[in-house]
Amino acid sequence: MPVQDAITIDPSTCTRCALCAEVCPNRVLVRDGPGGTIAARDNAGLCMKCGQCMAICPTRSIAVEGLSYEKDFFDLPGGGPDEAAFHGLIRTRRAVRNFKGGPVPKELLEKVVEAISFAPPSFPPPKYQIVVVQNAGLIRKALPNMIRLYESLVKMMKNPVIRFFIKREVGSKRFRTMQSHLLPLLESRLPALKAGTEDTLTRNAPAMILFLADRDGEDIGPDIHIAAAFGMLAAHSMGLGGSIMDIIPPAIDRDPELRKMFSIPDGQEVAAALILGYPRYKYQRGIRRKIRGVHWL
Ligand SMILES: Cc1cc2nc3c(=O)[nH]c(=O)nc-3n(C[C@H](O)[C@H](O)[C@H](O)COP(=O)(O)O)c2cc1C
Ligand code: SF4
Ligand code: SF4
């Protein structure tokens, strides 16, 4: 039963349960009348290869072009996730900016990458690439360029004409964040950064994951930050610590030397950075934060 060329259903095993149609987010598969059979719709082009249909089919009867039961899926264990374990993880996580010396083993970084691959993309497949920096020396080497870039940004922001163009380039929301947080912080920390007495940019992290997006591609900023959060939680679950660091990407992105140093291909922008390492300190307590408004309707 070819639904469309790209999606096929095996009539010899299909039970017509219509579960695939129920979960298909874009109505590419639909119930066909009360008999529960599946019909093709004109909108096969809307298939985003999310794999929901293949994941739910009890008889593995549906095939979406480009997805394979053998290569892309795995059987799920019975039972649900462990709520207590999840809460243990999220309640104990903090942004870690102080690291013990020593590298992060590659096996752990690979597990962080694997966790990132489980993050939901807004429209599959994930459209970002990542660069895993295992070499702490490389991160240290990048620091002087980052400092120079931020020093010149602070100077430029003092000039109203240049400020106008920066605002136009980054957009008013980003500009407000820069004025409220980034600039005061830079003005305060640049002297110590320049003196080499502290590293409030890369935090002496031994490892870092950079997320890259096509410069002329779709808006995948949210996808990338969700993915980075998955990586951060995975790291925490393995005794590592770290933080998303929005201060790092623009510095690498705009500096040709740093782009080369971190092997950023032309046409790619650095959209997020996650620093990682073994935490130097242990926190004694967690923090409960209040959401600004919770409105129940
Ligand atoms: C999108 C995002 C960007 C961040 N960028 C930075 C950064 O550039 N520098 C930094 O020190 N921390 C950065 N952080 C860490 C936050 O400051 C930190 O999560 C926040 O202070 C709350 O602390 P907690 O994570 O320990 O709960 C970032 C966090 C997020 C979610
Ligand atoms: S979920 Fe599988 S068995 Fe059920 S209707 Fe779809 S293809 Fe057939
Ligand atoms: S892969 Fe996703 S969008 Fe495509 S047919 Fe299956 S459920 Fe629908």
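Around ligand 2 in this predicted model stand 13 residues, and those that come nearest are C14, C17, A18, C20 and C57. Sorted by class, the shell of ligand 2 holds nine nonpolar residues, three polar ones and one charged one. Ligand 3 also has 13 residues around it, with C24, C47, C50, G51 and C53 coming nearest. The shell around ligand 3 is made up of ten nonpolar, two polar and one charged residues.

Two of the residues just named for ligand 3, C50 and G51, come up again in a pocket. The second largest pocket holds about 1,000 Å³ of space. Its lining counts 27 residues, and C50, G51, A55, D72 and F73 are the closest to the centre of this pocket. Among the helices, α2 (52-56) and α3 (69-72) each supply at least two residues of that lining. The most comes from α2, which gives four residues to the second largest pocket. By class, 18 of the lining residues are nonpolar, five are polar and four are charged.

Where does the second largest pocket lie with respect to domain 1 and domain 2? The domain assignment divides the chain into domain 1 (3-72) and domain 2, which is built from two segments, 91-138 and 199-277. The second largest pocket lies between the two domains, because both domain 1 and domain 2 give residues to its lining. The C-alpha centres of these domains are 35 Å apart.

The largest pocket comes next. About 1,200 Å³ of space lies in it. It is lined by 43 residues, and nearest its centre are R174, D246, I247, P249 and P250. Several helices supply at least two residues each to this lining, including α6 (136-157), α7 (160-170), α9 (221-237) and α10 (248-254). The strands β7 (207-214), β8 (241-244) and β9 (268-277) likewise each supply at least two. The element that gives the most to the lining of the largest pocket is α8, with nine residues. In terms of class, this lining has 22 nonpolar, eight polar and 13 charged residues.

D246 and I247, named above for the largest pocket, are also among the residues that surround ligand 1. The others around ligand 1 are R93, R94, A95, R97, R203, H225, S243, I244, M245 and R289. Which atoms of D246 and I247 lie 2.9 Å from ligand 1? For D246, a polar backbone atom is 2.9 Å from a nitrogen atom of ligand 1. For I247, a backbone N or O atom lies 2.9 Å from an oxygen atom of the ligand. R93 takes part through its side chain, with a polar atom 2.9 Å from an oxygen atom of ligand 1. Taken alone, ligand 1 exposes 620 Å², and the protein buries 64% of that area.

Two details of the backbone complete the tour. The peptide bond that runs from P124 to P125 is cis, and its omega is near -5°. P125 is placed in the loop between α5 (106-117) and β6 (129-133). The other detail concerns N204, which is not a glycine and yet has a positive phi of about 55°. N204 is found in the loop between α8 and β7.

Technical notes: Residues numbered from 1 in each chain as written. Chains lettered and ligands numbered in written order. Predicted model: local features only at pLDDT ≥ 70, side-chain atom pairs only at ≥ 80, totals over all residues. Heavy atoms only, no water. Near = heavy atom within 4 Å. Nonpolar A, V, L, I, M, F, W, Y, C, P; charged D, E, K, R; others polar. 1 Å grid on protein atoms, 1.4 Å probe; cavity = no way out; pocket = protein on both sides within 12 Å on 5 of 7 lines; lining within 4 Å. Points joined across faces, edges and corners; volume = space filled by probe spheres on them. Domains from an automatic or database assignment. Polar contact = N/O pair within 3.5 Å; in protein donor to acceptor, adjacent residues only side chain to side chain. Areas by Shrake-Rupley, 256 points an atom, 1.4 Å probe, with all protein chains shown as cover.
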